[in-house]
Amino acid sequence: MPAKPVKIGSLYFKKKGDAAHYLREMLYKYDLGDKVSKDDSTILRDLILMHPECEEKTGSGIESFSVRSADFGTRCFWVNRTDGTTEKFSVGACY
Amino acid sequence: MRIEAYKRKFDDSVLVEATGKWLGVNEFQKEFWTGASSENSWLSASAPTASGKTFLVLQWLLDRLITTDTSVVVYLAPTRALVTEIEASLNDLLADDKTINVTSLPLAEKYLSAAAGVTKTIFVFTQERLHLLANILSDELSVDLLIVDEAHKIGDNQRGVILQDAIERISRSNHKMKAVFVSPSTQNPDELLQDAPIGTDRVSVDSDIPTVLQNVILAQQVPRKPKEWALGLVSGDSSIPIGVLQLANKPAGLRKRLAFIAAAAGARGGTLIYCNGAAEAEEIALLISQLDIREKTDDKELLDLADLARKGVHRSYQLAPLVERGVAFHYGNMPALIRVEIERLFRIGKIRFLACTSTLIEGVNLSCRTIVVRGPRKGRGNPMEPHDFWNLAGRAGRWGNEFQGNIICIDPNDESAWPIGVPKRSRYPIQRETDAVMTSKDGLVEYLDGRDIESLSDLEGAEHYEQVGAYLLDTYLRLGSLANAGLAKRHDSKLLEKLDACLERMARKIDIPAELSIRHPGVSAIGLQRLLDLFKNYEGDVENLLPAPSESVDAYDRYVTVMRRINSSIFPVFLPDGLVPLHALIVVEWLKGLSLAVIIRKRIEYHQRNNKTFKLAVLIRDTMDIVEQTARFKAPKYISAYMDILHMHLLEIKRDDLIDEDFDIGVALEFGVSSTTLLSLMELGLSRMTAVALYEKISKDDLSRDGCVRWITDHAPNFEGMDLPNIIVREVLERVRPPRSLQEQFTD
């Protein structure tokens, strides 16, 4: 079966693994607690729109993204909403 | 005859000018009083433990404050436990005297009021808190009188350097400051006077006469009879047999041996058992509690303490059931309110056996009738030095009206327990840690040369050299050469030249001003410089460098990162790396103002949620340890340095809009407070445990001190219905003193 390409906004990846690798690099270039840069936020905005529970994740609207810890010593992206609440999301669920 | 009697009375008394009354004193006390009262002098006094030094110093201090224009006094005590004790003693002595303020909080406003002559104030501080106050006031701090209690601790390997630095720092800002040093049985009290400003009189007062009789008793098992222990009273180089102690059970194992002998020999109460560490103290107290056939107590004060232990720590905290049987343990990381109440109930005989640790020789004034000890260690595993042993032994005696005490030493001929035998009476040699490291350690220059190593985790010898190295580098940055410093007179000029050359190489890499690095004693300027370089080279959003307020959702993650930056740039402090998240979590919870009980409960829930096994007693002790050692010691020391360097960077890049001037992370961490209300409650003199318990009942987070007093006055009638432990209610009523009718309602 040919690999399924992934498109996130203007970014194009030949296969899922490439997208996962790109996003993982992005995740780990930050320190825990950091807010994500403007450029990366644009990509994450496009990405979260592809999340099956997009509406629940974005809630009142997206203010910014952060890198924070997740369960068992791992880390993930969090969406910071305009109402001050915050929610983690899995990039893998988006494509 | 009458004239002779009067003469003797005058010879043995000093005049307390404030009251016009004569105070009966012994020769040492008289010398101290006269010497300390002379103008323009620095005095160093040494006398055996439990000879009434502290009481005398406090009496003299108050007399001095009342009768002279002295208005800013700093009383330095080496531990928070002793700070609490001294603060309470001063408050008791002052009773309702409102002209003198006593505080243990480093608050600018209290200093400014004292400096302006409005109220006289005694600041009772640890050395770290004195630095905090000097930082808050940007070194615009002029102290009239400095008293340093347990001054021999200037030789401690970590905090001794911070103490020396604190003394020098405030003596620089007022050359006319009077200083009084007090230490237990030291060989050379005059050592502390060496750095007195030129033109100051130096008075050394020394006494070696114990005011109570201490009997050293050796306990050895009778051959073939493990339940029989022969006791011998040490007299000169031999011992006189005084009888055989009969144990009720076979003492299998060393802990049982200690516990059973203590229970058999100390049944009259007033018995201290010296244990090597908190875990051992808990175990030995548990063993002793089973040997006494008495029923559970119905004494209200003991029951109140048990209640506080259950509510303030955990419902299964081992202390509670023990206290109900008149037995307790005592260690440094315990919450102050509980520890102080244990000491009080031991003093009045309600707690009969107390298993304690080296916290007691680190400066808690607690006398007893009998001390039972086997193979004492100080800290982690180091055999106790003779002077420390005698500092401990000196606590035996002065129990109630008694003037003699017993020190029972078990297995005196066992070399693993007593490597040098039971130590002979001995006095402390005072030596500053800085001098000790400079004279005896060869690796200092090498360490400093390699201090800027790429990976700080590879740094070797840090435990010996880091503190002293940081002190010397600050001194060099301030003066341009060690030859200009007070220490120069104590060291060989060749060594100084060698160190100067090495420090010069380091200083070339540093553009942090000396005024900034001296704000952080013990934190190396070269480490601070590396952090500044990290900030300068940071390519991300500068806001990412700031920690978040503790209430913020990203606070925990940001503290994890801040701690890791500190580890890699300043010094590897929060170790091992895998535990950084746990330390960050507890720091954030502490800053949020959570109670110890809640912090413990959350850790237990975390373990249960993740199916992790744990031992409750270990988890409780471990949490207390992280609170005391990380949240209240390492984190304020290093995170406040991080913030200072960050502020410097933000100013340089014109982003000072990000600086929150009103929030001092050092103060917030030292006291574990996040809101104005909590800090106000602590300013009223309440312990953190009490302040947090009350704050849980108070809705407003911005109450001033007056606002808190009003809240307490309004709500005191309902305290009973709030399920607050009685000891907490009592502390509130003692410190805040609402109208008398309310107090009576609770004390009846």
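**A tour of chain B, starting at its sheet**

Select chain B and look for an open sheet: eight strands build it, lined up as 12-11-10-19-16-13-15-14, and their pairing is mixed. Keep in mind as you click around that this is a predicted model.

Next, pick out the two ends of that row, strand 12 (238–246) and strand 14 (327–330) of chain B. Each has a single partner strand, so one of its sides has no neighbour in the sheet. Now look across the strands: from one to the next, the twist averages 25°.

A bit of background before you zoom in: sheet strands pair through backbone hydrogen bonds, in either a parallel or an antiparallel way.

Which way do strands 11 and 12 of chain B pair? Select strand 11 of chain B, residues 225–235, together with strand 12 of chain B, and you'll find the antiparallel sense, with eight bridges between them. For one bridge up close, click B:E228, then hop over to B:Q246, its partner in strand 12 of chain B.

Time to zoom out and show the whole of chain B. You're now looking at 29 helices and 19 strands. The radius of gyration of chain B is 26 Å, and the globule rule gives 27 Å for 748 residues; the two are close, so chain B is as compact as a globular protein of that length. Along the principal axes, the C-alpha atoms of chain B fill a box of roughly 75 × 65 × 60 Å.

Finally, try colouring chain B by burial: 48% of its 748 residues count as buried. And if you draw the contacts in chain B between residues at least 6 apart in sequence, 71% of them join residues at least 24 apart.

Terms used. Residues are numbered from 1 along each chain as its sequence is written. Chains are lettered from A and ligands numbered from 1 in the order in which they are written. This is a predicted model: local features need pLDDT of at least 70, side-chain atom pairs count only at pLDDT 80 or more; totals for chains, interfaces and linings use all residues. Two strands pair if DSSP finds at least two bridges between them. Helices (H or I, at least four residues) and strands (E, at least two) are DSSP runs, numbered from the N terminus. Axes are lines fitted to C-alpha atoms, for helices over the stretch in contact, and angles run from 0 to 180 degrees between N-to-C directions. The radius of gyration is taken over C-alpha atoms; the globule rule is 2.2 Å times the number of residues to the power 0.38. A residue is buried if 20 or more other C-beta atoms lie within 10 Å of its own, exposed if 12 or fewer, and partly exposed in between; C-beta atoms are placed from the backbone. Two residues are in contact if their C-beta atoms, placed from the backbone, lie within 7 Å.
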